[in-house]
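Please open the model in your viewer, keep the sequence panel beside it, and follow the stops below in order.

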Amino acid sequence: MKLIGKKYKRLLAWVFAVVLSLFASLPGYGETVSGPGANLGAGGAPSTNGVTIYVSKRTKVLTLKQNGALIAQYPVALGASSEDGNKKVEGDMRTPSGQFYVCTRNDKSVAYLSLGLSYPGIKDAERGFADGIITQEERDEIVKANLEGSQPPWDTALGGAIMIHGERIPDGTTSGCVAVDNAVMDVLWSYCNLGVPVTIGP
């Protein structure tokens, strides 16, 4: 009986750990974060090379890490109205806050190169549905895409197509994307495969 009890306890502990890891990895469920998000999970397609990105909206700095080690920090331009709060709807000129992942890579971007982020996340979808901004069907599509680690719908009233891209204008702003210098974009492009976690926070 003692052997069965130990096996049962180990099984329960394993199931509990798996459930916790699944919830921890959902983009949009992270609360306010501080400091580079080197150990933060994101999406159903986690980074396979240990690379993480943290964007500080307060300092306008992007921090690139691999396996927790700092690679470099770079200046960024953000959405023109980002100081007014988190992104709510299409066209509000705000860069979203939260935990995302790289869901697309575009080498033919009008802004040099671009890495598409998985906004809107699950938390954004739940808020948008509760506020009557999107339909239940749209919410469910966003949630499903985030759980699968794919690109969520970018054509809802919540907005989308939030990118890390080149063509940064010093002291300039964007419509909501994260802009870096083209030389920096070359570095990010070489490091960032699909699924790389990107955290945008204070």
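Begin with the cysteines, and keep in mind throughout that this is a predicted model. The structure holds 0 disulfides, so any search for a bond between two cysteine sulfur atoms will come back empty, because a disulfide requires a pair of these atoms within 2.5 Å. Select Cys103, which is buried with a relative accessible area of 11%, and then Cys192, which is also counted as buried, at 1% relative accessibility.

Now switch to a cartoon view of the whole protein, in which 4 helices and 8 strands can be picked out. If you follow the sequence, these elements come in the pattern α-β-β-β-β-β-α-α-β-β-α-β. Of the 202 residues of the protein, 46% count as buried, and of the contacts with a separation of 6 or more, 61% are accounted for by residues 24 or more positions apart.

Next, go inside. Nonpolar side chains tend to be buried together in soluble globular proteins. The largest nonpolar core here has 32 residues, and those that touch the most other members are Ile53, Val55, Leu62, Leu117, Ile164 and Leu188. Apart from this core lies another one, of 5 residues, among them Tyr101, Cys103, Met163 and Cys177.

Which residues surround Ile164, once its neighbours within four places in sequence are left aside? Select Ile164 and show its contacts, which include Ile53, Leu62, Leu113, Leu115, Leu117, Val178, Met185, Leu188 and Val198, together with Ser114.

From the interior, move to the backbone at Tyr119 and Pro120, which are joined by a cis peptide bond with an omega of about 0 degrees. Pro120 sits in the loop between β5 (114-117) and α2 (122-130).

Two further loops deserve a stop for their backbone angles. Select Asn67, in the loop between β2 (61-66) and β3 (69-75), where phi is positive, at about 50 degrees, although the residue is not a glycine. Is Asn67 buried or exposed? With a relative accessible area of 67%, Asn67 is exposed.

Then select Glu167, in the loop between β6 (163-165) and β7 (178-179), which is not a glycine either and has a positive phi of about 65 degrees. Glu167 has a relative accessible area of 44% and is therefore partly exposed.

Finally, turn on the surface, whose accessible area comes to about 10400 Å² for the protein, with 58% of it belonging to carbon and sulfur atoms.

Note on methods
Residues numbered from 1 in each chain as written. Predicted model: local features only at pLDDT ≥ 70, side-chain atom pairs only at ≥ 80, totals over all residues. Heavy atoms only, no water. Core = buried A, V, L, I, M, F, W, Y, C linked by side-chain atoms within 4.5 Å. Buried < 20%, exposed > 50% of the residue type's maximum accessible area, 1.4 Å probe, protein only. Contact = heavy atoms within 4.5 Å. Helix = DSSP H or I, 4+ residues; strand = E, 2+ residues; numbered from the N terminus. Areas by Shrake-Rupley, 256 points an atom, 1.4 Å probe, with all protein chains shown as cover.
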